[in-house]
Amino acid sequence: MPWDIAGHQTEVATLRSAVMSEQVAHAYMFSGVKGIGKARLARLFAQALLCEGSRSEAPCGSCRSCRRVENDVHPDLHWLTPMGSSFRIDQVRAMQAQISRRPYEGRYKICVLDDAETLTEQAQNSMLKVLEEPPGNGVLLLVLHQPTAILPTIHSRCQTVSMRPVATEVIAEWLLTKRDMTPQQAAFLAALSGGRPGVALDLDPETVVAHRDRVASWSQLLRRERLKAVWPIASELEAEKDIDAWLEMMMTWFRDIWHRFLDRGLPVTNIDAIQKLDEEAAGWQTAALQALVAIGEARRALSRNANKRLVLDVMLMRMQRGIP
Ligand SMILES: [Zn+2]
């Protein structure tokens, strides 16, 4: 059975061959940005190591062991997350005690430290012993998005699995196997996720498309109504809880308009709305770039706690300044 993960085929191949040949390292470090699939890959690896089926097919996904790993109730898998803001030293000690025990029923005893960048230096130092004299069947998996937070002494004793952004088409195809949506919606969510399958999966297609359509209607309104559009749009935006998320979506929309205007085959995120983009590109022309700059400046001003309404009014007025 193929490993159920979007992309990362090289990493999957390396881990698979470790499982098949039983050449399993004592420690692995899964790193990459949030939502890229680190925890997913670590869990699949644990599943493959503990699977009761044939090693070449592991993880089978259906044996008792695979199901228990998936549901996080396998006695030989300890999936740990920080207590509060960081891993405490007593958590690390408890992990060491667990990993040194003989497996109950599987071939390996696996401990996962998820969000391992929160390990304090002290906690990391106390971990060194396990890595220097690894217990026979113990496998330690560190899952983290910030490898620089890990001491070089720990780093050098782990086999690293660095995970890079996944191609948009791969994510889109995978989304269609996971959720009920149209290929257009899948392509849009995949593009919006910036190569992070986990982020794409968490987005609700209906909501995201509805939000985007609202942004699209604003760009049309600004272009047609000019100053008259400023007050209503600023009021709508001001009422939103996460204004920055809305401005980010506006940036994506106007970047796409700009790319369509340039007509040089540059990538667009809103691939399900090409016709609307082209209409806007014809209307906005080079002003789309001015609009992008204005939105970017508004985001920076808001991050410095400037007056919300004032920033939005100025942004919308500056956006439309260069419309032909
Ligand atoms: Zn299995």
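Buried means under 20% relative accessible area and exposed means over 50%, with partly exposed in between. The exercises below apply these terms to a predicted model.

**Exercise 1.** Decide whether L192 counts as buried, partly exposed or exposed, and describe its surroundings.

*Solution.* Begin with the location: L192 belongs to helix α8, which covers residues 183-192. Its relative accessibility is 23%, and because this value lies between the two cut-offs, L192 counts as partly exposed. Turning to the contacts, and setting aside neighbours within four places in sequence, L192 touches L203, V208, M249, T252 and T269. For one of these partners, T252, the separation from L192 is 60 residues in sequence, while the C-alpha to C-alpha distance is 8.4 Å.

**Exercise 2.** Work out why strand β3 is described as largely enclosed by the rest of the structure.

*Solution.* Count the residues of β3 (residues 109-114) first: 6 of the 6 are buried, so the strand is largely enclosed by the rest of the structure. Then take the two faces separately, for K109, C111 and L113 are buried on one side, and I110, V112 and D114 are buried on the other.

**Exercise 3.** Identify the strands that pair with β3 and trace the chain between them.

*Solution.* On one hand, β2 (residues 77-80) pairs with β3 in the parallel sense over 4 bridges, and L80 has L113 as its bridge partner in β3. The chain passes from β2 through helix α4 (residues 89-100) to β3 in a right-handed β-α-β crossover. On the other hand, β3 and β4 (residues 138-144) are paired in the parallel sense over 6 bridges, with G138 of β4 as the bridge partner of K109. Here the chain runs from β3 through helix α5 (residues 121-132) to β4, and this β-α-β crossover is right-handed.

Definitions and conventions: Residues numbered from 1 in each chain as written. Predicted model: local features only at pLDDT ≥ 70, side-chain atom pairs only at ≥ 80, totals over all residues. Heavy atoms only, no water. Buried < 20%, exposed > 50% of the residue type's maximum accessible area, 1.4 Å probe, protein only. Pairing = 2+ DSSP bridges. Right-handed = clockwise from strand over helix to strand, strands pointing away. Contact = heavy atoms within 4.5 Å.
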